[in-house]
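Please look through the structure shown here with the text beside it, moving from a surface feature to the interior spaces and then to the charged pairs.

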Amino acid sequence: MAIGFFVYKSDEVSPTDSPRLAKYAFKYGLDLNGGTELTYRADVSKIKSGDVGGAMSSLRDVIERRVNLFGVSEPIVQVENPGVVSGGVDHRLLVELPGVTDIQEAVALIGKTPQLEFRLLRSEAKNFTGEELKNKTVDEVFAPTGLDGQYLERADLQFTNGGGAQLAGQPIVAITFNSEGRDLFAKITREHKGEVLAIFLDGQVISSPVIQDEILDGKAVISGGFTPDEAKALVRDLNYGALPVPIELISTQTIGASLGQDAKTAGVKAGVVGFALIVAFLILWYRLPGIVASLSLIIYIILSLAVFKLIPVTFTAAGIAGFILSIGMAVDANILIFERTKEELKRGKSVHDSLHEGFSRAWLSIRDSNISSIITAIILFWLGTSAIKGFALTLGLGVIISMFTAITISRTFLFAIAPNPPTGREGQGRVSKFLFSNGLHF
């Protein structure tokens, strides 16, 4: 009862009345809530294969931080890696913005965070003529150092106070690296004194200072001839989070709020109808054990919804489908037990002994079938796209919870109501056998 009250009340209470309880309200995906989905392709060609996972995680965190700054409710930012199920696509980033139906507004929320990079001028490039430089790629002229925007801690707007009247008061951007970046910056400036360390912003050289001495404090200055507004915008964008890898917007999708509500209503309706049909079948075919199984199924649904709230699970149309499917699968264990029990009743055993033998003999089949379903859900979640992940998560959790309700709750209720015959008697009365039998057998 308490768990059922929690599941119901957490969706009914307003955040102002009970913020602690309201935070457990169901979370719905873009296809049920309406909004915009943006798909970006990440260019990881210049990242070592062993570092790609970390770079994509960092990219997700940066984009999520930027979106949160604009107050979008429950944004979902997911990494989609190449895989068998996903068709071997490039590394992609999926950004779902519930409630944002204007694509231009959604793109503006993500923005284009400048990609910051430090490169050393190659020794052979010092002898290139201007014409030769025009025909060279960036990699042929400047060598990567590994120091880029992912090591940035913060950026600040400052103004010069020296260098003569013409240079005084010029806006500059002071950047500070984190501890890892500070160590890398110190190593670069220590080992390459007298060399040019160019600062690249979005692939363009904006400053080319010469390293005079080792820099230990992890601080550098970007002076690119900015106007005050340009420098202010650069500081803002850098502080929002510099992207560890370049991204390209490749697709957009908008789902209206009404369409999402229709999908949510249809999903709930399908669940209710499916549950009602299952209960009707259980009671008509399995009689008293069917009533117990129906009660167990109600408890299973309540427990599942509570777990979905606590994790929390973001419901999508595919996720609802997975949950509805798990409701049907939750009945499988009860059916196996009831069929085994019927066989024992035919042998003349008492109801109590038949139930005991039914649970004992059905357990191995229940265990193996559920383990295979769980393994399938894990594989789908690991290799699937975002839609498939939602289906796999609700299905997998549902199967695990159904094992508990079928073996524990159904067993407890059935043995509580099963008649136990007096010692020395075999079999059971006709009424008891009718109530615990099934199908057309009386």
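Ile 375 is found in helix 12, which spans residues 351-383, in what is a predicted model. Because its relative accessibility is 45%, which lies between the 20% and 50% limits, Ile 375 counts as partly exposed. Together with Ile 371 and Ile 379, Ile 375 forms a nonpolar patch on the surface, and the accessible area of these three residues together is about 250 Å². For the surface of the whole protein chain, the exposed area is about 22,900 Å², of which carbon and sulfur atoms supply 58%.

The helix that carries Ile 375 belongs to a chain with 14 helices and 13 strands. The protein chain has 442 residues, and buried residues make up 41% of them. Among the contacts in the chain with a separation of 6 or more, 71% are accounted for by residues 24 or more positions apart.

From the surface we can turn to the spaces that the protein atoms leave open or enclose. How much space lies in the largest pocket? The volume there is about 990 Å³. The lining of this largest pocket is made up of 33 residues, and those closest to its centre are Gln 115, Asp 148, Pro 244, Val 245 and Pro 246. Strand 5 (116-121), helix 7 (138-141) and strand 6 (142-148) are the elements that give two or more residues to this lining. Strand 6 gives the most, with five residues.

Apart from the pocket, the structure holds one cavity of 30 Å³ or more. About 40 Å³ of space lies in the largest cavity, and its lining consists of Ala 293, Ser 296, Leu 297, Tyr 300, Ala 330, Val 331, Asn 334, Thr 405 and Ala 406. At least two residues of this lining are supplied by each of helix 10 (257-310), helix 11 (317-346) and helix 13 (386-417). Helix 10 provides the largest share of the lining of the largest cavity, namely four residues.

One residue of helix 13, Phe 404, can be followed a little further. Phe 404 counts as partly exposed because its relative accessibility is 44%, a value between the 20% and 50% limits. When neighbours within four places in sequence are left aside, Phe 404 is in contact with Leu 303 and Ile 409. Between Phe 404 and Ala 330, which are 74 residues apart in sequence, the C-alpha to C-alpha distance is 9.8 Å. Ala 330 is also one of the residues that line the largest cavity.

The charged side chains give a further view of the model, with a count of 15 salt bridges. One of these salt bridges joins the side chains of Asp 61 and Arg 60, at an N to O distance of 3.5 Å. Asp 61 is partly exposed because its relative accessible area is 36%, and Arg 60 is likewise partly exposed because its relative accessible area is 28%.

A second salt bridge, in which the side chains of Glu 191 and Lys 187 meet, has an N to O distance of 3.3 Å. Why are Glu 191 and Lys 187 separated by about one helical turn? The reason is that Glu 191 and Lys 187 are four residues apart in helix 8, which covers residues 179-191. Glu 191 counts as partly exposed at 45% relative accessibility, and Lys 187 counts as partly exposed at 40%.

In the salt bridge between the side chains of Glu 344 and Arg 347, the N to O distance is 2.8 Å. Is Glu 344 buried or exposed? Glu 344 is buried, because its relative accessible area is 2% and the limit for a buried residue is under 20%. Its partner Arg 347, by contrast, counts as exposed at 54% relative accessibility, because the limit for an exposed residue is over 50%. This pair belongs to one network, in which salt bridges that share partners join Glu 343, Glu 344, Arg 347, Lys 349 and Arg 361.

Technical notes. Residues numbered from 1 in each chain as written. Predicted model: local features only at pLDDT ≥ 70, side-chain atom pairs only at ≥ 80, totals over all residues. Heavy atoms only, no water. Buried < 20%, exposed > 50% of the residue type's maximum accessible area, 1.4 Å probe, protein only. Contact = heavy atoms within 4.5 Å. Areas by Shrake-Rupley, 256 points an atom, 1.4 Å probe, with all protein chains shown as cover. Patch = residues over 30% accessible without salt bridge, like charges linked within 9 Å, V, L, I, M, F, W, Y side chains within 5 Å. Salt bridge = Lys/Arg side-chain N within 4 Å of Asp/Glu carboxyl O. 1 Å grid on protein atoms, 1.4 Å probe; cavity = no way out; pocket = protein on both sides within 12 Å on 5 of 7 lines; lining within 4 Å. Points joined across faces, edges and corners; volume = space filled by probe spheres on them.
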